[in-house]
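Please examine the model shown here before reading the report.

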Amino acid sequence: MQETVEKNDLLIEGETGDWEVIIGMEVHAQVSSNAKLFSGASTGFGAAPNSHVSLVDAAMPGMLPVINSECVAQAVRTGLGLKAEINLYSVFDRKNYFYPDLPQGYQISQYKQPIVGEGEVIVDLLDGTRVVVGIERLHLEQDAGKSLHDQHPKKSFVDLNRSGVALMEIVSRPDIRSSEQAKAYVSKLRTILRYLGTCDGNMEEGSLRADVNVSVRRPGDALGTRAEIKNVNSIRFIGQAIEYEARRQIELLEEGGEVVQETRLFDAKTGETRSMRTKEEAHDYRYFPDPDLLPLELTQDWVDSLKADLCELPDEKRERFIADFGLSPYDASVLVAEKERADYFEAVAEGRDGKLAVNWVNNELFGRLNKEGLGITDSPVSAAQLGKLIDLIADDTISGKIAKDVFDILWTEGGDPAEIVESRGMKQVTDTGAIEAAVDEVIAANPDKVEQVKEKPKMIGWFVGQVMKATGGKASPQAVNDLLKDKLGVEE
């Protein structure tokens, strides 16, 4: 479902005409939980191989799964955050397939009756447009282990630490129409999960990975045959995989060939997708309800209690920042993309001018953090310090230029902004007599420029610069401007 996006802008030009790419996503998000979905084994990342494996995870005979209630609660919280329907009755099924890192010979998942039904994600794009991506379902399932092929020249090893870890598979509708929309969708989904605390979203650790379904068609035609690109673990790679796969399919069709429904892998080194296997259908997995697990029955009161405890989500926070602090939609979107950034900004802006606060947070602070490769939680300048610095600007104690010098001191040395300004003699000069003397000197020394400013009033900026230079940047810029306009006869 597209909103305010010109469809023609999204078409891909082929040799024989335009094509439209259709994208659906299946995002696998690891549930934030100390224990696995059906056992008490740890979910900690980075442990020695096979050190977080219970008898249930290893599928020892006679071992029965026991549902982890916190994983269920996390799935419901996620569904609520996606504005989705919560199904009070759901069923766990066995999805049968055989692979070395799947000890049971089946995966416990949910098929026809998932825990979460239809919802949506609103995606804000860089050009200011919005796309609503429908969520078809969210279901709980257990992860498989990991095959290790680089430990021995002739053998593959298996690490079962990940076996049984709870996953939420979040399935979108095929509403995405470009690689940029796909990347923005996954970014927004990850932001929502992190706000909720239901998944840490660390793609480099495998906590969030995506299966990307790509097909192409002539505009207005029926949906084409799709290929599924499996286990893409970075937002950048998602974009590259879609770009390559769409072009591959277009070239194939234009040459008279047919797209085969299959599973493909993305090779990050070559930027290409390659065939992995023919795509399975649901009947290939021989789903049936797991006989060891009763249907999952929830009460509406319990769901309502989880909803009542949800944090403010990014869309609501964005709208509040726009309304309360007068931010532009772009600035608000940048801030709410990470909860820690939004919290930092709100601490700085509380009781202060929102636009001044966002300029300092988005430009000075984030610029410095990016330059030095630091996250907001590693900032040497606290929100309290930056807030006090902004107070000094607001009450004309210091100018914006001096504030940048103070910010640099705070970054490298720390301290209290007011004490730094006082002890280092950095206060702004507001004495009109002293400023007037500097203005008079500059005017007297530049009679040619005085004549020119009468013809070109914008040249007053040059005089402002000279006066600020003469006063060591401490003169009040407003006082300098007012005096120069008066003495040079420049109209507003």
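This report treats a pocket and two residues with positive phi angles in a predicted model.

## The second largest pocket

The second largest pocket has a volume of about 1200 Å³. It is lined by 42 residues, and those closest to its centre are Asp124, Leu125, Leu126, Ala184 and Ser187.

Four elements each give two or more residues to this lining: helix 2 (179-196), helix 3 (235-254), helix 5 (314-325) and helix 6 (329-336). Helix 2 contributes the most, with ten residues.

## Character of the lining

When the lining residues of the second largest pocket are sorted by type, 17 are charged, 16 are nonpolar and nine are polar.

## Positive phi at Lys83

Lys83 is found in the loop between helix 1 (69-81) and strand 4 (89-90). Although Lys83 is not a glycine, its phi is positive, at about 55 degrees.

Is Lys83 buried, partly exposed or exposed? Its relative accessibility is 47%. Because buried residues lie under 20% and exposed ones over 50%, Lys83 counts as partly exposed.

## Positive phi at Arg286

Arg286 belongs to the loop between strand 15 (272-278) and strand 16 (288-289). Its phi is near 50 degrees, which is a positive value in a residue other than glycine.

The relative accessible area of Arg286 is 47%. This value falls between the limits of 20% and 50%, and therefore Arg286 is partly exposed.

Conventions. Residues numbered from 1 in each chain as written. Predicted model: local features only at pLDDT ≥ 70, side-chain atom pairs only at ≥ 80, totals over all residues. Heavy atoms only, no water. 1 Å grid on protein atoms, 1.4 Å probe; cavity = no way out; pocket = protein on both sides within 12 Å on 5 of 7 lines; lining within 4 Å. Points joined across faces, edges and corners; volume = space filled by probe spheres on them. Nonpolar A, V, L, I, M, F, W, Y, C, P; charged D, E, K, R; others polar. Buried < 20%, exposed > 50% of the residue type's maximum accessible area, 1.4 Å probe, protein only.
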